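Work through these short exercises on charged side chains. Try each task before you read its solution.

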Amino acid sequence: MLFKKIGVIGGGTMGQGIAEMLAAKGLDVLLVEQTPEKLDYSISMIETGLDKKLEKWAITQAEKKLILSRIHKTNGFEDLSACDLIIETITEDLEEKKVLFRQLEEVIGKDIILTSNTSTLSLTELASATNSPERVIGLHWTHPVSSIDMVEIIRGLKTSDETFNFTKQFAEEVLGKKGIMVYESPGFVTSRLICLHINEALHLLEEGVASAEDIDEAVRIGYKFQHGPLEMADRFGLDSVHAALDGMFREFGELKYRPSTVLKKMVRAGQLGVKTGEGFFKYDKDGDRV
């Protein structure tokens, strides 16, 4: 199967990263958002990210222009009928995703693979909202998408071997990412492990065992992580971490997944990390620590 045009639904942080990564790999991208204003904002944020790479000599001006030229704005699902594969990356709400997948089925062909970037929701339940659950599969990307050479490929109960094989081919041969096959389970592998790591760091902070800075330094230097657990949470988005933990807590019913009190307070205060400029640490408009 040849992959030339990919649909990306949702222009948030993950949608922006996925669209940019796909375009950098030479694919045409149809980016969908709810309103023209949100779509323009998503494109502007992609351009801002490319400018930052330009400043660091990671790409050239010509490469920036080429990437942007491959990302096409659209507000309607009808245009997605020309795509080879569709990646959904809207808010982590199962009912919203179900509605979206039903709407997609009304306008696209039965041979188009439908993928979801969900990190904790059930692919089987999401697929059950469609008439062809065999073509629904998960592609769980890790932020930042362009620099992480791995993607989890999640099989729902009725995902067909053909859908899995095509998706694995797309991830590994077209995108150059290592595809990790995961059978459906809340949080899959990466979110389940990293969210527990972050939650335990939050408990240490709550208990006054060490400061946020020292907790992060201990892990970053001691285990050679790029970022400590609290800065990771800031970069993922504290609201996203909270949603992932809360979803796993409800699904498994085990206390270790219950979001820490300090995380809940931060989310309620609107201090969500990089996206708002302040979380456990402060960040500038480019997402760098200040």
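The exercises below deal with salt bridges in this predicted model.

**Exercise 1.** Find how many salt bridges the structure holds.

Solution. The structure holds 20 salt bridges. In general, side chains of opposite charge can pair when their charged atoms come close.

**Exercise 2.** Decide where Lys 168 and Glu 172 lie, and whether each is buried or exposed, or in between.

Solution. Step 1: Lys 168 forms a salt bridge with Glu 172, with 3.0 Å between the closest N and O atoms. Step 2: both residues sit in helix H6 (residues 161-174). They are four residues apart, about one turn of the helix. Step 3: Lys 168 has a relative accessible area of 25%, so it is partly exposed. Glu 172 has 29%, so it is partly exposed.

**Exercise 3.** Describe the salt bridge between Arg 289 and Glu 231.

Solution. Step 1: the closest N and O atoms of Arg 289 and Glu 231 are 2.8 Å apart. Step 2: this pair links distant parts of the chain, 58 residues apart. Arg 289 lies in the segment after helix H11 (261-268), and Glu 231 in helix H9 (residues 229-236). Step 3: buried means under 20% relative accessible area. Glu 231 has 7%, so it is buried. Arg 289 is partly exposed, at 33%.

**Exercise 4.** Check the contact between Lys 256 and Glu 254 against the 4 Å cut-off.

Solution. Step 1: the N to O distance is 3.7 Å. Step 2: a salt bridge needs the atoms within 4 Å, so Lys 256 and Glu 254 form one. Step 3: Lys 256 is partly exposed at 44% relative accessibility, and Glu 254 is partly exposed at 38%.

**Exercise 5.** Which residues join Glu 231 and Arg 289 in one network?

Solution. Glu 213 and Arg 235 belong to that network, joined through salt bridges that share partners.

How values were computed. Residues numbered from 1 in each chain as written. Predicted model: local features only at pLDDT ≥ 70, side-chain atom pairs only at ≥ 80, totals over all residues. Heavy atoms only, no water. Salt bridge = Lys/Arg side-chain N within 4 Å of Asp/Glu carboxyl O. Helix = DSSP H or I, 4+ residues; strand = E, 2+ residues; numbered from the N terminus. Buried < 20%, exposed > 50% of the residue type's maximum accessible area, 1.4 Å probe, protein only.
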